[in-house]
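I opened this notebook to keep track of what I looked up, one topic at a time. Each entry starts from something I wanted to find in the model and ends with what I found there.

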Amino acid sequence: MRFLTLRFLLCSAVLAGCTGADHALPAGTAPEPAVVRKTPKNVILMIGDGMGLTQISAARFAKGTLAMDRFPTVGLLATQSTVYITDSAAGATAMASGVTTYNGAIGVGPDGKPVETALEAAQDKGMQTGLVVTCTITHATPACFIAHESTRAEQFGIARDIADHRADVVFGGGRKFFRPLGIADGAREDDLDLVAQMQSTGYSYLTRLTQLDSLPSTGKLLGLFATEHLDRMPARGPALEQMSMTAVERLGRAPNGFFLMIEGSQIDWGGHANDSAYAIRETVDFDNAIGKVLDWAEQDGNTLVIVTADHETGGMALNQNNANPQSPTVAWTTKHHTGTMVQVFAAGPGSEVFRGVHRNTLVGQAMLEYIRRR
């Protein structure tokens with residue numbers, strides 16, 4: 001039996017005349033001003049890298065009720081970049097800027113030119129900004145909000161961009177990209193000590209999570225808690241929750257509001273490895289952080305929280321377990337990304353625009369719309 005491609009099956013057998021993947025995608029246009037009743041003071045975007053609906057379903061089975069279940073607005077996002085299967089760089093650039101671009105692009109459009117991101121727009125409006133991740137802070141997703149490079153491989157250049165852009169809170173791993181050879185953990189060959197540069201401009205530098213308990217009352221924060229990536233769960237402990245709430249509470253004092261991106265980075269790696277336990281533990285950990293952030297936002301009353309993913313990883317499925325019908329088995333279709341749509345959850349002022357089916361560019365377009373109105 002011959003195996004036919006999905007495009008052949010859909011375009012030839014069902015949708016005769018279809019000319020390409022982009023033809024079938026929703027428009028994902030920015031919200032019209034009349035649709036939005038209130039502009040949020042603060043915007044928090046939480047990205048579960050590689051987190052599809054099945055990863056969420058498996059985490060719900062493992063944990064019970066999820067914090068994600070509390071969101072009043074739910075939608076779906078198409079994730080395609082300039083090709084059908086996106087990578088994290090193109091997916092994050094779309095959500096940071098509202099622009100569809102090529103795989104590997106860091107904050108640049110398909111022509112290679114820089115595009116404005118929500119973080120940059122927030123800085124221009126006098127808002128405070130932050131990035132919190134469990135991977136290197138120079139990795140694809142966080143980089144797209146604060147850097148402009150032609151390829152995600154330029155992590156030393158991304159570190160320089162981070163130092164130059166001066167976000168108020170920067171938490172993650174990746175010390176090697178900020179310090180020169182000859183200094184502990186350093187791997188830069190250009191002799192730039194970006195940590196020292198950032199300290200000279202008012203940053204407090206943290207290398208251990210325990211330092212989050214005794215922060216200075218003022219100034220910017222640079223926390224690089226690993227040479228490269230943070231440990232996977234459970235060895236990492238509640239690091240994402242701690243980093244997220246430190247950032248939220250610190251930025252929440254800003255009189256003009258803040259923009260914060262938080263990533264559950266390693267859900268994706270569980271998918272690439274087809275490691276069900278890894279993917280589920282990381283999704284539960286991400287959901288724990290979501291719960292704390294949502295508690296804060298609900299009490300604040302003027303914060304938009306968006307939870308979504310850049311793509312699904314692994315083609316994860318939950319199947320019938322004949323030996324124990326109450327406990328499903330997990331199957332995988334690939335060790336790469338898939339083209340399935342991902343979920344978007346939203347709560348707070350402006351959240352209603354995420355209801356329905358959209359392109360992932362809606363996230364960036366909506367955030368930029370809200371920030372630019374300020």
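Before my first entry I needed one cut-off: a residue counts as buried when its relative accessible area is under 20%. I also note at the start that this is a predicted model.

**Entry 1: helix α3**

I looked up helix α3, residues 88–97, and found that ten of its ten residues are buried, so the helix is largely enclosed by the rest of the structure. Among the buried residues I listed Ser88, Gly91, Thr93, Met95 and Ser97. I then asked what covers the buried residues of α3. The cover includes strands β1, β8 and β12 (337–338), together with the helices α4 (118–124), α5 (140–146) and α11 (361–373). At the N-terminal end I found a cap made by Asp87, which has a side-chain oxygen 3.3 Å from the backbone nitrogen of Ala89. After the helix comes Gly98, with a positive phi near 80 degrees.

**Entry 2: strand β8**

Since β8 had appeared in the cover of α3, I turned to that strand next. Six of the six residues of β8, which runs from 303 to 308, are buried, so this strand too is largely enclosed by the rest of the structure. I checked its two faces separately: Thr303, Val305 and Val307 are buried on one side, and Leu304, Ile306 and Thr308 are buried on the other.

Which strands are joined to β8 by bridges? Strand β1, residues 42–48, runs parallel to β8 and is joined to it by six bridges, and in this pairing I found Ile306 as the bridge partner of Leu45. Strand β13, residues 342–347, runs antiparallel to β8 with four bridges, and here Phe345 is the bridge partner of Val307.

**Entry 3: Gln343 in strand β13**

I stayed with β13 to look at Gln343, which lies in that strand. With a relative accessible area of 1%, Gln343 is buried, and I wanted to know what its polar side chain meets there. A polar atom of the Gln343 side chain lies 2.8 Å from the backbone oxygen of Met51, and a polar atom of that side chain is 3.3 Å from the backbone nitrogen of Leu53. Leaving aside neighbours within four places in sequence, the contacts of Gln343 include Gly52, Ile56, Gly75 and Leu76, as well as Val307 and Thr308, two residues I had already met in β8.

**Entry 4: helix α2**

Ile56 led me to helix α2, residues 53–63, where Gln55, Ile56, Ala58 and Ala59 are buried. Seen down the axis of α2, the buried residues fall within an arc of 165 degrees, so they line one face of the helix. These residues pack against α9 (267–272), α10, β9 (312–313), β10 (317–319) and β13. Gly64 follows the helix, and its phi is positive, near 100 degrees.

**Entry 5: the nonpolar core**

I looked up the largest nonpolar core, which has 104 residues, and noted that Val307 is among those with the most contacts inside it, along with Met46, Phe145, Phe178, Phe259 and Phe354. Helix α10, residues 276–300, gives the largest share of this core, eleven residues. For Phe178 I checked the contacts beyond four places in sequence, and they include Ile137, Ala159, Ile162, Leu192, Val195, Met198 and Leu224.

**Entry 6: backbone angles in loops**

Most residues other than glycine have a negative phi, and most peptide bonds are trans, so I searched for exceptions. Asp191 has a positive phi of about 70 degrees; it sits in the loop between β4 (169–173) and α7 (194–200) and is exposed, with a relative accessible area of 64%. Asn274 has a positive phi of about 50 degrees, is found in the loop between α9 and α10, and counts as partly exposed at 23% relative accessibility. The peptide bond from Met233 to Pro234 is cis, with omega near 5 degrees, and Pro234 is placed in the loop between β6 (220–224) and α8 (239–251).

**Entry 7: the whole protein**

Last, I stepped back and noted that the protein has eleven helices and 14 strands, and that 56% of its 374 residues count as buried. A compact globule with 374 residues would have a radius of gyration near 21 Å, and the 20 Å of this protein agrees with that.

Note on methods
Residues are numbered from 1 along each chain as its sequence is written. Side-chain values use heavy atoms; hydrogens and water are left out. Buried means under 20% relative accessible area, exposed over 50%, partly exposed in between (1.4 Å probe, protein chains only). Two strands pair if DSSP finds at least two bridges between them. A nonpolar core is a set of buried Ala, Val, Leu, Ile, Met, Phe, Trp, Tyr and Cys residues joined through side-chain atoms within 4.5 Å. Contact means heavy atoms within 4.5 Å. A polar contact is a pair of N or O atoms within 3.5 Å; within protein, one must be able to donate a hydrogen and the other to accept it, and residues adjacent in sequence count only if both atoms are side-chain atoms. The arc is that of the directions from the helix axis to the C-beta atoms. The radius of gyration is taken over C-alpha atoms; the globule rule is 2.2 Å times the number of residues to the power 0.38.
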